[in-house]
Amino acid sequence: MSNFSLNTSEDPIFDLIKQEEKRQAEGLELIPSENYVSANVLKAMGSILTNKYSEGYPSFEGLNWSEAETNQRNHETNFNWNEDQVSTQILPNYRYYGGQTNIDRIERLAISRAMKLFHADHANVQPHSGANANEAVYFAWCQPGDKILAMNLGHGGHLTHGSPVTRSAKIYNFISYGTTESGDLDYDEIEKLALAEQPKIILVGYSAFMKIPDFARIAKIGQKIGALLMADMAHVAGLIAGGVHPNPLDYGFHVMTTTTHKTLRGPRGGLILSNGNIASPLKKPEHTLENIPILIDRAVFPGTQGGPLEHIIAAKAISFLEALQPDFQDYAKQIVLNAKALAKNLINHGFELQGGGTDNHLILINVQKSFGIDGKFYERALDLVGLTLNANAVPGDKGGAFRPSGVRLGTPAITTRGMKETEMQQIADWMKQVMDLCLKAGSEENLSNPEIKQDLEKIHQAVIALSIKFKVPGIKE
Ligand SMILES: Cc1ncc(COP(=O)(O)O)c(C=O)c1O
């Protein structure tokens, strides 16, 4: 036991975790990509499953697939796996290490629950993150130099959709489309670029976009040129699972990637859903759209990753089961109701919102245009009162990455804590009060002037008083 002789209670890491628990409990998390996981999800993440190596995949061979496959292909939402079979049968597998009897059953549960949740023919639950999931899909379908049509980062797309600082952008040739004045996707531009450039992938996905994409329209464009239709639904996966946002896989998209930790409320990780043929990943399949699920399995492992994180996969399985419960639909509905209420109250206070409001969980405020204060200054001031959000570029931003004109916020985390429209009014009021103090201070440095500091502290105490009434799941009192 010599390796374990450290007195861990003296390790400052544990004190820092305690301090972070306090910060989370006493503040309000408004970053739209964050959420709070359940105690069960936490338990699986901290389990001994982390000890196991399990490169490769479990198999479903020998289970009753025939009826399941028919139902999957019709994308019937009432499709139901026989969980008993999935979780009890010990089957041959495609793994490179022994000792997989329990791991296979855990991963099969995660896969089958994800497929059910998102009406997909196939799920790969192994991506370590959203970035890894996207990378694997590009690798599955493209050759170096191939074109990928994706949303401009400055208009709300994600770094992994072709930002020049990423590895993918050095391998593939990204072409970007943007949004219109009204904040919607520029469908005419997407069509024009798709026809002219003939990209191998058309990608719809975003980190700061407040409308609902017209997936059917984009699918039609993709079908004209035979492109792989890929949706990165990292932000809205929980809304899709909760039935308040359309599912791109129901509109002809071949692949959907997502993170599992945002609105979906699972552990930090990635997930790839796809429609098409399912077969052993050991045999190299033909490079066809129908074979995309098999190509993806091979692209995740061994293509871009090594051993899967089975403790995280177990936690994903738990969160998928949670998302399959009827109360998750109420949660998803409330996220959107809260976002709309928060948006309305912010507009009433004079904040100018990108796209005029929101149809999902995200809000993007152009604070520079509204009040002449940049996003970073405002983010830091809000931090001082326990309201956490992030500075963010708005379309056409001249402020650069470190002084963008906007801030981005959202409601998944505060909705998990049970907050409703009344609290949204209160949060908007505090945000306006903090903005008034920023205007009074005139600069970030002046936020520490005694008079301003005192006023900020008054708001901070009120934020704490409200926050502690709404418990964070997984934090013991
Ligand atoms: C749309 C989108 N895709 C991918 C990612 C990357 O996810 P991760 O941070 O897990 O790599 C994000 C993260 O914010 C995202 O918003």
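In what order do the 3 strands of the open sheet stand, and is their pairing parallel or antiparallel? I looked this up first and found the order 11-14-13, with antiparallel pairing; two strands count as paired if DSSP finds at least two bridges between them, and helices (H or I, at least four residues) and strands (E, at least two) are DSSP runs numbered from the N terminus. Strand 11 and strand 13 (390-392) stand at the edges with a single partner strand each, so one side of each has no neighbour in the sheet.

I note that this is a predicted model, in which local features need pLDDT of at least 70 and side-chain atom pairs count only at pLDDT 80 or more, while totals for chains, interfaces and linings use all residues. Residues are numbered from 1 along each chain as its sequence is written.

Staying with the sheet, I traced 5 bridges between strand 11 and strand 14 (residues 406-410), and I363 has L409 in strand 14 as its bridge partner.

Next I turned to strand 8 (residues 228-232), where 5 of the 5 residues are buried (20 or more other C-beta atoms within 10 Å of the residue's own, the C-beta atoms being placed from the backbone), so the strand is largely enclosed by the rest of the structure. L228, M230 and D232 point one way and L229 and A231 the other. Strand 7 (residues 201-205) runs parallel to strand 8 and is joined to it by 5 bridges, and I found A231 to be the bridge partner of V204.

For the helices, I looked up helix 5 (residues 101-118) and helix 12 (residues 310-324), whose axes come within 8 Å and cross at roughly 35 degrees; axes are lines fitted to C-alpha atoms, for helices over the stretch in contact, and angles run from 0 to 180 degrees between N-to-C directions. The residues of this contact divide into 13 nonpolar, no polar and 5 charged, where Ala, Val, Leu, Ile, Met, Phe, Trp, Tyr, Cys and Pro count as nonpolar, Asp, Glu, Lys and Arg as charged, and the others, Gly among them, as polar.

Around the ligand I listed 15 residues, of which S129, G130, A131, S207 and A234 come nearest; a residue is near if its C-beta atom, placed from the backbone, lies within 6 Å. By class this shell has 3 nonpolar, 11 polar and 1 charged residues, and helix 6 (residues 130-141) gives the most to it, with 3 residues.

Last, I checked G356, which lies in the loop between helix 13 (326-348) and strand 11 (362-366).

Key
A residue is buried if 20 or more other C-beta atoms lie within 10 Å of its own, exposed if 12 or fewer, and partly exposed in between; C-beta atoms are placed from the backbone.
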